[in-house]
Amino acid sequence: MIEAKGLTKKFGELTAVDAVTFSVAEGEVFGFLGPNGAGKTTTVRMLCCLISKTSGEARIGDYDVSKEQDSIKIRQMIGVVPDNVGLYEPLSAYKNLDLYGRLYGMTEMKRRESIQRYLTMLGLWEKRDVPAGTFSKGMKQKLAIARALIHDPEVLFMDEPTANLDPESAKTVRDFIMELKKEKRTIFLNSHNLDEVEKVCDKIAILNTKLMATGTPAELEGMVGARKVMIGLAQANGAVVESLSKKYPGLTASPDGMTLTFAPKDPEGQIPDIVEAVVRAGGRVRSAAVEGSTLEATYLQLVRRDAS
Ligand SMILES: Nc1ncnc2c1ncn2[C@@H]1O[C@H](COP(=O)(O)OP(=O)(O)OP(=O)(O)O)[C@@H](O)[C@H]1O
Ligand SMILES: [Mg+2]
């Protein structure tokens, strides 16, 4: 549904986005991560036909972002929650949405239906007649989300949609994204919140001007290779480590001897064998678990690797 091939944007001497290639399937939630200035917003702007690309290709559905006549079709297909919200502040929440609905040529009935649906879903229906300028940051953010959805777009671009939200509102928006996903909409999500991305995204890309990695959350977590099997013992037993260290070269024990750490290739698959081996060697097993490297560990490693 969204495809970028060698997509590049230069601002004068500065390369903001460097030959980025990825694809997002229909109905997928795609998380776009990267440090400040990595080029996330610039990428979204190119995909939404808001700025022109310098080179490479990008398509939304069957349409090419660089073709004038296609960009009209793309604008109909997509909804955008921009990084700076930009509402008509003197107008009420309802009128802000109504204005957008008119721009998209929606009938009055459709507009009313859609406005009520989204304002209600985002907890703003009661505030529909209040001028948007008096809204708090989070309320404006939610109104911008409603605005992006008013014409029922197939593809939704969200640039840090939960950045200004309190934890409860952020959860409302996350749940809302999951609802949209059930409706098979394709969602492109820029975020700095790794936890959020891990929860809602099917696929993640890490950008640092260049694309550093893409994959499912689990694939990215596996990338730094830090997933280990941790065996808790009921009592310390040095003999266990001694007899197993040949078979399991990565084996280490915690200073108190109560926790053994194994580093096999396939941690989940190896748990039963490891537990059996520990028991055979005389260890009394109290717990067994796989401790994965987190998405944060992968992210930091990839972003740092680039810096070094
Ligand atoms: N209109 C512009 N003119 C010149 N430089 C720009 C312009 N827009 C963006 N840039 C530069 O491009 C780079 C990428 O910026 P961009 O806003 O895409 O980053 P980002 O990943 O969205 O960062 P953040 O996480 O802070 O939102 C930055 O160095 C920025 O200064
Ligand atoms: Mg940005």
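**From an edge strand to a ligand shell and a helix face**

Threonine 252 stands opposite threonine 261, a residue of β13, and this pair offers a way into the structure, which is a predicted model. Strand β12 is joined by 2 bridges to β13, which spans residues 259-262, and the two strands run antiparallel. They belong to an open sheet of 4 strands, arranged in the order β12-β13-β11-β14 with antiparallel pairing. At the edges of this sheet are β12, residues 252-253, and β14, residues 285-291, each of which pairs on one side only.

Elsewhere in the chain numbering, the surroundings of ligand 1 are made up of Phe11, Leu14, Ala16, Gly34, Asn36, Gly37, Ala38, Gly39, Lys40, Thr41, Thr42 and Asp83. Two or more residues of this shell are given by each of β2 (14-24) and α1 (40-47), and the largest share, 3 residues, comes from α1. Sorted by class, the shell around ligand 1 holds 4 nonpolar, 6 polar and 2 charged residues.

Helix α3, which covers residues 93-103, gives a view of how buried positions are placed along a helix: Ala93, Tyr94, Asn96, Leu97, Tyr100 and Gly101 are buried. Seen down the axis of α3, these buried residues fall within an arc of 165°, and they therefore line one face of the helix. The cover over the buried residues of α3 includes two further helices, α4 (108-121) and α5 (137-149). After α3 comes glycine 105, which has a positive phi, near 75°.

Terms used: Residues are numbered from 1 along each chain as its sequence is written. Chains are lettered from A and ligands numbered from 1 in the order in which they are written. This is a predicted model: local features need pLDDT of at least 70, side-chain atom pairs count only at pLDDT 80 or more; totals for chains, interfaces and linings use all residues. Two strands pair if DSSP finds at least two bridges between them. A residue is near a molecule or strand if its C-beta atom, placed from the backbone, lies within 6 Å of it. Ala, Val, Leu, Ile, Met, Phe, Trp, Tyr, Cys and Pro count as nonpolar, Asp, Glu, Lys and Arg as charged, and the others, Gly among them, as polar. A residue is buried if 20 or more other C-beta atoms lie within 10 Å of its own, exposed if 12 or fewer, and partly exposed in between; C-beta atoms are placed from the backbone. The arc is that of the directions from the helix axis to the C-beta atoms. Two residues are in contact if their C-beta atoms, placed from the backbone, lie within 7 Å.
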